[in-house]
Structures are given as structure tokens and as C-alpha cells.
Amino acid sequence: MARFNIREMNPVTRTIHFFQRLCTNFGWRFVIILLSAYIGVKGITSQLTYSAYLPYMREYVGVTRPTEYQAFYTVSRLPWSLKATIGMVSDAFPIGGYYKRYYILGAAALGSTSCALLAAAPIRKIGGGVTAAVLLFILTLEHASVDLLVQGVYARKMVAQPETGADLVTAVWVFIMFGNLAASSFVGLFANRHPTIFFWATLPFAAQVLFPVAAGWLSEDPAPRGFQRAKVSANRRFFMLGGLMTVGALGMVPASLFGSPAVQAAYSITISAILCGSCLTLLPKQIGRAQVYMFLTSAMNLQIRGALDVFYTGDEECLPGGPHFDRAFYLAWTAIIGALFGMLGVSLFQMILSKRGYRLAFWSTTVLQVAAAIIDITIIMRWNLRIGISDKLFYVLGDSMLQEVIDMMDFMPAVVLTSKLCPIGVESTVYALLAGFSNFGRSVGSSLGVLALDIARIRTPDTGACNFDNLALLVIISHVVLPLLTVPLTFVLIPNAKMTDDLVGGLPMMTDGEKNVSDGSYADSGGGPLEAPQDVPPMVVPPASSGPLAADGHVPQ
């Protein structure tokens, strides 16, 4: 009979044992790499950059027109749409005999330089919003590159050491969550100071990844030199689709920086049609349909940050009787609460939806999206004050908590569905494409949101008298009507099956000519498995109810 050891219940002891096991199985140097990449870059640097956007662009750079503010935000987030491209390029063109090392070093060097310029250069005088958006694009490219390429290494280690279970994924999950919470706490400390302090605080975390990677701690095997023609040829369909996605994402940069709202919308709709058609043509039928659905759900949830940021943080002169949230509350405390409640989304999915149908899971997410929109509408119309609930309390209990739950619950069925549909041999390839395609859908939704803001005639003090008369209607269309239109698409694009069903049955294994001739698929060496958009760790998601660090280090599936 096994003895019960009360020490195993001590979270400090469990954490120490967990780190000891990581160091024993994978080496302390690689654990340092994980800490550097997922706390320092993916956690703190990414969250600080996101939080900095509002005060930096509006108050320091002087971007006050809602349409410009939104367009520049679209550009700043586009690198997340290039994750499949990053994986394919690094696999096709190894540098100095390595697939990842020098790509990470290059991305980190460029990102750190951009961060320093954002902090120290007189951006307002040398290009203003355009220059700031380009520098933010480069800084975000570091986040996406480090995230993807380090993931490729630990994915290989998980395959090579299956007896370690989900230890690495659990570690990545905990590190990202800790980084996000730490960054949000930092924001609370200096939220009301000069906006450049965000990037002074970000700079050391953006640069620190250079040191362990340059020291060779990435545990990466040497790669053959020169262009990897065999890989490109073996995965030509996926490289073609990734190439189209690259052209589409990069083309959105000049369209967003210099095009009118109508031009941005026209470009987004055109490239979306091309990409959706290519998905249905180049990918196996069921996978292509699932990819298109995930793209459309992201694109049809229009991003209108250019209006909501100003509404929630505008002063009394602009919006008499408005919420008037201070920066510390809007950027820090709500982010901390949201990160904590994101775990609730994991738990709800695991307990309620994990064994039910895919369609039901996606419908449930849509219902929650509508509920979050109703919170915004209620505050906009000031109905919450009529029933005696303050703006801050209503926002915290509603939107800030629900949005993180939605993000978790929306992406997890997509992970399961893609996993079940992947033909054997190209799993990681399809995962990387899904991550990039879903993120590009968000960029399209942000680009279309620029036109929506223009049509709604949202105005801020610097563009004339403040005008939020049509904001409630804009939220209804962007966050209620359009997301609900995706519900009928589930009957066409999503299989009528439970998440426990085997969907691969009729799908053939990829032939040797269709697989990567050297290691199975391009992403296994450079891309790694699927990642959630911008903030969710890949593949294995630990249920919150069991805690991230189980006594034996395994995460229940």
C-alpha cells in the first residue's frame, strides 16, 4: 500500500521537484532557454508591448484618429500571421549550419533595436505613427519568431523522451502565465507615467534571450548547409499556401499604413477570398474546411479597438459622464484578472465540452462572445448605472473576464479538431498553418474594423467634437451580428462529430513523396506544433481544476 506523503501536497515542494525533473531530463541550460523565451519574451515583452500601444500611440506619437489608430494596430500585430512563414523559411534556409539559432538571434537583435528606438528616438518627429507601427511590427516579429522556433526544439524533445509526459508543455504554460501576470503588474506600477517607460521596461526582457541562445544552450542539432530543396519539394502544397499567406500579410502592411479605410477593406476581402479558396484547393477537404471556418470566425469578429479604447479612457471633456477608466485599471488590473480567468476557460472546456460535439463547442463560444458584447453595450448605453452597478465593477465582472474565457474555449476545440483531421506525417505542418491562418483572420478583422469605424463616424477630440453616438450599433454589428453569422457555417465546414470520435479513418497516410524526406515534416525541425493565437500554449492544455503542476508532473488529458 502506497504511503501518503504530505510533503507532496506542498506547492513549493512540488514546484522544486518539477524544476529538478526538468533539469534532469532536459538539462538546466535548456530550462534557462524556456524561461528566457516564455517568461521573458512571450510573457513579459509581448504583454508590455500590447499594453503600451494605447498610451504610446495616442499620447506620445499623437495618433488620435480612430481609423489610423486601428490601422497601425493591425500592422503591429501582423507578425503573428507569419508564423508558418517563419517556420518554412528557417527550414528551407538554415544559417551557419542551424535551423533556428541565428534566426532567433537575428529576430532578437532587430526586436531589441526597435524597442530601444521606440523608447529613445523622437518618433513623433520622424514619421510619427507610420514609423512607430513599423518598429512595433519588428518588435512583434521577435515575439513570434522566438515563440515558434523554441517550440520546434521542445516539440522534438517531447518526441525523443515520451516518458517525460507533458512536463515541457506544462512548463511553457506556467512560464507564459507567470510572464503575463508579471508584465501586468509592472504596468500597474508605471501606467500613468510617460509612455516611453513601457519600452524602457521592455528592452532588457527583449534583449536577454540573445545571451543563452548565443551561448549555444538551445540544444539544436546541426543542420545541412544550403537551400533544402528536398523539403520544399516534398511539402510544396504547404509551402505554396504559406507563401500566399506571406504575400497577403506583407501586402496588408502598406495597405494599412497608406490606404484609405475602403482600400484596406477591399484588400482584406480580396486576399481572404484567395486564401480561403487556396485552403480548400491545396489541403485535404476536411482540413481545408476547418481552416476556412477558423479563419472566418476570427475575421468576422471585427476588432474596433480604435473606438473602445477611447470610449473607456476618454476624459470628462470628451465624454461627459463616461467611464473614464484610468490607465492602471484599464491596462493592468483588467489584464491580471483576465489572465487568471483564462484558466477558467480551460476548466470549463475540460469539464463541459471536451467530450461533446465540435459544433456545440463552437456555438458555445459564439454565445459567450455575444454575452461579452452585451457587457460593452450595457456600459455604452449607461444601463448599468441605472441598476446601481459601477462601470469598473461591471467591466471587471463582464468583459475583462469573459474575453479570456472566450479565447481559451474558442481555440481548444480548434486544436482538437485539427489534431483529429491531420494525416499522419504532416501534423506539425498543418498546425503551423492553422496558427498563422487563424491569426491572419484576426488581422483581417482588424482591417475591416477600420472601415467600420469610418462608417460609424466615431470621432475623438483631436478630430472634432467627440462622437460615440453610433458606438452601440457598431458593437452590435461587429460583435453580435457577424459572429452569429458563423453559426450556420458550422453545418457546412465543421464535421458533425464528437471530440472523442476518430475522424482520420478515411484519410490516407501521407506518402513518402508527400512527407519531408528527412524528418517527416518541415515544422518538426523549424516550426513545431500548433500554437494558440498570441497567448495560448500549444497542443496540450492543462485543465485548471487539476492545477498546472500535478504531483507526478503530468497533465491530465
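How many aromatic pairs does a search of the whole structure find? In this predicted model, the search turns up 27 aromatic pairs. One of them joins Y312 and Y330, whose rings are tilted, with 5.9 Å centre to centre and 35 degrees between the planes. Y312 belongs to helix 14 and Y330 to helix 15 (residues 327–353), so this pair ties together parts that are 18 residues apart in sequence. Both partners are out of the solvent: Y312 is buried at a relative accessible area of 1%, and Y330 also counts as buried, at 12%.

Y330 has another ring partner in F325. The rings of F325 and Y330 are tilted too, this time with 6.4 Å between the centres and 35 degrees between the planes. F325, with 3% relative accessibility, falls under the 20% cut-off and therefore counts as buried. Step back a little and these residues turn out to be part of a cluster: ring pairs link F311, Y312, F325, F329, Y330, Y395 and F468.

Helix 14 (residues 305–313), which supplies Y312, is itself mostly covered, with eight of its nine residues buried. The buried residues are R305, G306, A307, L308, D309, V310, F311 and Y312. Two of these, F311 and Y312, are members of the ring cluster. R305 has an aromatic neighbour of its own, as it lies over the face of Y50 at 4.6 Å from the ring centre. A similar arrangement involves R101, whose charged end sits over the ring of Y98, 4.0 Å from the centre of that ring.

Then there is the packing of helices. Helix 11 (residues 236–258) and helix 12 (residues 261–282) pack with their axes 10 Å apart and at an angle of about 175 degrees. That angle is over 145 degrees, so the two helices count as roughly antiparallel. On the helix 11 side, the contact is made by R237, M240, L241, L244, M245, V247, G248, G251, M252, A255 and S256. Facing them from helix 12 are Q264, Y267, S268, I271, L275, S278, C279 and L282. By class, this contact between helix 11 and helix 12 comprises twelve nonpolar, six polar and one charged residues. The charged one is R237 of helix 11, while the polar set includes G248 and G251 of helix 11 along with Q264 of helix 12. As for spacing along a helix, an α-helix has 3.6 residues a turn, so residues three or four places apart point the same way. Helix 11 offers M240, L244 and G248 among its contact residues, and helix 12 offers Q264, S268 and I271 among its own.

How values were computed. Residues numbered from 1 in each chain as written. Predicted model: local features only at pLDDT ≥ 70, side-chain atom pairs only at ≥ 80, totals over all residues. Heavy atoms only, no water. Axes fitted to C-alpha atoms, helices over the stretch in contact; angles between N-to-C directions. Helix = DSSP H or I, 4+ residues; strand = E, 2+ residues; numbered from the N terminus. Parallel < 35°, antiparallel > 145°, perpendicular 65-115°, else oblique. Contact = heavy atoms within 4.5 Å. Buried < 20%, exposed > 50% of the residue type's maximum accessible area, 1.4 Å probe, protein only. Phe/Tyr/Trp six-rings, centres within 6.5 Å; stacked < 30°, edge-to-face > 60°. Lys NZ or Arg CZ within 6 Å of the ring centre and 35° of its normal.
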